[in-house]
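Let's walk through this model together, one question at a time. Have the picture ready as you read.

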Amino acid sequence: MDLKSNEPFWLIKNGLIQSFPSLMENKTCDVLIVGGGITGSLIAHQCITNGYDTILIDKREIANGSTSATTSMLQYEIDIPLYKLSEIIGDEGAIASFKACSDAIDKIENITKQIHSKAGYKSKKSLYFAARKKDVQWLQKEFEARKNSGFSVKWLEASDIFNQYRMDKTYGGILSSKGASIDAFQLVHEILSYNQKKGLQIYDRTELRKVKSGKLFNLVMLSTGATIKAKKIIYCTGYESSNMIKDNFVKLISTYAIVSEAKPELYKKYNDLLVWNTEDPYIYMRTTDDGRILIGGEDEEFFDPEKRDNLIANKAQKLLRSFQKYLPETEFKCDFTWAGTFGVTKDGLPYIGEHKDYPNSYFVLGFGGNGITFSVTGIEMVSFWLKGEKHKLTEWFKFGR
């Protein structure tokens, strides 16, 4: 296959899985979910499970925002190392955040089994290696912090990494036993299809334009002219929430990815592994369920779609050179290239909770390199709040922290 595309690999691979109508009539519901990506689908799954009358809307086609561009590496590791996060928010919050992400991987696996998913969920180990000699000291400190906090980790010397994975020019690293990968685009459609049969109402090409807040409900006005009367709104709008909220709470980053041609036998040795490193910005690698290698990174600290996309060809070449640097014995013929945008926060943590400017509402914004696992954590948090209960992570994930 000799196709080069600036469209994300998952969109090309899956094609049009499902289509949904836009909302043309007035509705009422217990919960309105705004955003039909991986976060919105997971929250919808929990709301339906808990028995709430739930509507989900998206201004695009379902899963065509950030979810279509994600690399879908499921890790418990947060972008800020555990020992550094402990210095920022204390041991209790840091360890609880890492453990919540670890538990989230198990929860995703359980959901895939529950809905009989075919989205390629696969448990994997995660290798975090030192790309520079000067990184070894702090990476070993991170290893000790994780080990002392009860995470299943092993330190590998550079020779161990080379012997096990034929990976060159590393200086040692942390091998974690907990990790996974999946096709998030397909998973979204599977989750929504499963819950649609249980009463979830789904509408795409339906944009929220305005909200009038009351004491007991919100009246939502839509781009279609219809309205929704909802007791609670849950915003799962990712980095686009920066257009809604005035606070300076997230920095938008442009990131790049390439995917190889399918060579299942050649890449077989990496099927059980996620890889990322200590470069700044770091690179990351995984295999896909159809026998390709995906490598991403080369992040830029700006958000300008035209400028971002103009760099795709150049960034693809840099990612290819990184692959050849670390895996010089392994062939990589590029098949797909694309760019995406994601958000990063000051402490690497998500923003999940209420905001003073949005009554009767919650935000679930899983920023960072492991946004999907944060979104799964949001499932439990929202479930608690809708029942009027407190959640232990609220203080660390809240706005204004």
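Q: Which residues have the most contacts inside the largest nonpolar core?
A: A nonpolar core is a set of buried Ala, Val, Leu, Ile, Met, Phe, Trp, Tyr and Cys residues joined through side-chain atoms within 4.5 Å. Buried means under 20% relative accessible area, with exposed over 50% and partly exposed in between (1.4 Å probe, protein chains only). The largest such core here has 82 residues, and those with the most contacts inside it are I33, I43, I234 and W338.

Q: Which helix gives the most to this core?
A: Helices (H or I, at least four residues) and strands (E, at least two) are DSSP runs, numbered from the N terminus. With 9 residues, the top giver is helix α4 (residues 91-114).

Q: How much can we lean on these values, and what is the pLDDT cut-off for side-chain atom pairs?
A: Residues are numbered from 1 along each chain as its sequence is written, and side-chain values use heavy atoms, leaving out hydrogens and water. This is a predicted model: totals for chains, interfaces and linings use all residues, local features need pLDDT of at least 70, and side-chain atom pairs count only at pLDDT 80 or more.

Q: Is Y284 buried or exposed?
A: Y284 sits in strand β15 (residues 284-287). Among the residues it touches (heavy atoms within 4.5 Å), beyond four places away in sequence, are T71, M73, V275 and W276. Its relative accessible area is 10%, so Y284 is buried.
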